[in-house]
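Hi everyone, thanks for making time. I'd like to walk you through a structure that may be new to you, so have a look at it while I talk.

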Amino acid sequence: PIDAHVILQQTVELFQQPAAEKAIRLETRLDAQHSVISADATRFRQILWNLIGNAVKFTPLSGLVSIRTSNGVETDSHCLVISVRDTGIGIDPALLPKLFRAFEQGDLDVTRTFGGLGLGLNISKTLANMHGGQLEAASEGRNCGATFTLSIPLLLSDDKKSVADDDIEVSSTSTITTTTN
């Protein structure tokens, strides 16, 4: 069992400096009441690293990267939902179905400008699936930003309450906003 909020906060902290260098504001809201999942902490961190890293990488100067968690009425209450939204270059909707394939990077302009191998999202989706979760992407198109949503099952006890309620001290159940200017 791991507290996903703790891993998420640690990962966001790693991107404070790169975001500050581009004057990108990182905003984090940990709204999920329950955040304990059964996961390999290193692999879970790798998913978050790829999502937040891409958001910072593809967001222009003075942009915004917003990271949110939830598991309330509007979502499956037995899942932790992590949303990473940016105000970056966006994704052509026609490319969304190919986005999670190995070595896919959208168009040649993106590859030339930003580099990379096109493996991060493929690895992240594979790791999410291996943890019983899902990873999805949405964008209204070029220059409209993108949103990546990770849903991962909460660790539940026999009485269907989150283990966080009984067994693990959760260090961050309140809303936290971190800004970098």
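I'll start with the sheet, then go to one arginine, the cysteines and two loop residues.

One thing up front: what you're looking at is a predicted model.

Okay, the sheet. It's an open one, made of five strands, and if you read across it the order is 2-4-5-7-6. The pairing is mixed. As a quick reminder, strands of a sheet pair through backbone hydrogen bonds, and they can do that either parallel or antiparallel.

So which strands stand at the edges? Those are strand 2, residues 25–30, and strand 6, residues 134–138. Each of them has a single partner strand, so one side of each is left without a neighbour in the sheet. And if you're wondering about twist, neighbouring strands here are turned by 10 degrees against each other on average, ignoring direction.

Let's walk across. Strand 2 pairs with strand 4, which covers residues 64–70, in the parallel sense, over six bridges. To find that pairing on screen, look for R25, whose bridge partner in strand 4 is L64.

Further along, strand 5 and strand 7 run antiparallel, with eight bridges joining them. A handy pair to click on there is V81 with its bridge partner in strand 7, S151. Then strand 7 also takes strand 6 as an antiparallel neighbour, this time through five bridges. There you can look for A138, which stands opposite T147 of strand 7.

Is strand 7 enclosed or open to the outside? Six of the eight residues in strand 7, which spans 146–153, are buried, so this strand is largely enclosed by the rest of the structure.

Now put a helix on top of that picture. Helix 1, residues 4–14, lies across strand 2, strand 4 and strand 5, the last of these being 79–86. Helix 1 runs at about 175 degrees to strand 2.

Next, a residue I'd like you to zoom in on: R68. You'll find R68 in strand 4, and it's partly exposed, at 26% relative accessible area. What does R68 touch, if we skip residues up to four places away in sequence? The answer is E27, R29, V81, I82 and S83. With E27 there's a polar contact as well, side chain to side chain, at 2.5 Å. And V81 is the residue we just met as the partner of S151. One more for R68: its C-alpha atom is 9.5 Å from that of T149, although the two residues are 81 apart along the chain.

On to cysteines. How many disulfides does the structure hold? Zero. If you look at C79, it counts as buried, because its relative accessibility is 14% and the cut-off for buried is under 20%. C144, on the other hand, comes out at 46% and counts as partly exposed.

Last stop, two residues with a positive phi even though neither is a glycine. A23 has a phi of about 55 degrees and sits in the loop between helix 2, residues 16–21, and strand 2. A23 is partly exposed, with a relative accessible area of 34%. S62 has a phi of about 65 degrees, and its place is in the loop between helix 3, residues 41–57, and strand 4. With 58% relative accessibility, S62 counts as exposed.

That's my tour, and I'm happy to go back to any part of it.

Notes
Residues are numbered from 1 along each chain as its sequence is written. This is a predicted model: local features need pLDDT of at least 70, side-chain atom pairs count only at pLDDT 80 or more; totals for chains, interfaces and linings use all residues. Side-chain values use heavy atoms; hydrogens and water are left out. Two strands pair if DSSP finds at least two bridges between them. Helices (H or I, at least four residues) and strands (E, at least two) are DSSP runs, numbered from the N terminus. Axes are lines fitted to C-alpha atoms, for helices over the stretch in contact, and angles run from 0 to 180 degrees between N-to-C directions. Contact means heavy atoms within 4.5 Å. A disulfide is a pair of cysteine sulfur atoms within 2.5 Å. Buried means under 20% relative accessible area, exposed over 50%, partly exposed in between (1.4 Å probe, protein chains only). A polar contact is a pair of N or O atoms within 3.5 Å; within protein, one must be able to donate a hydrogen and the other to accept it, and residues adjacent in sequence count only if both atoms are side-chain atoms.
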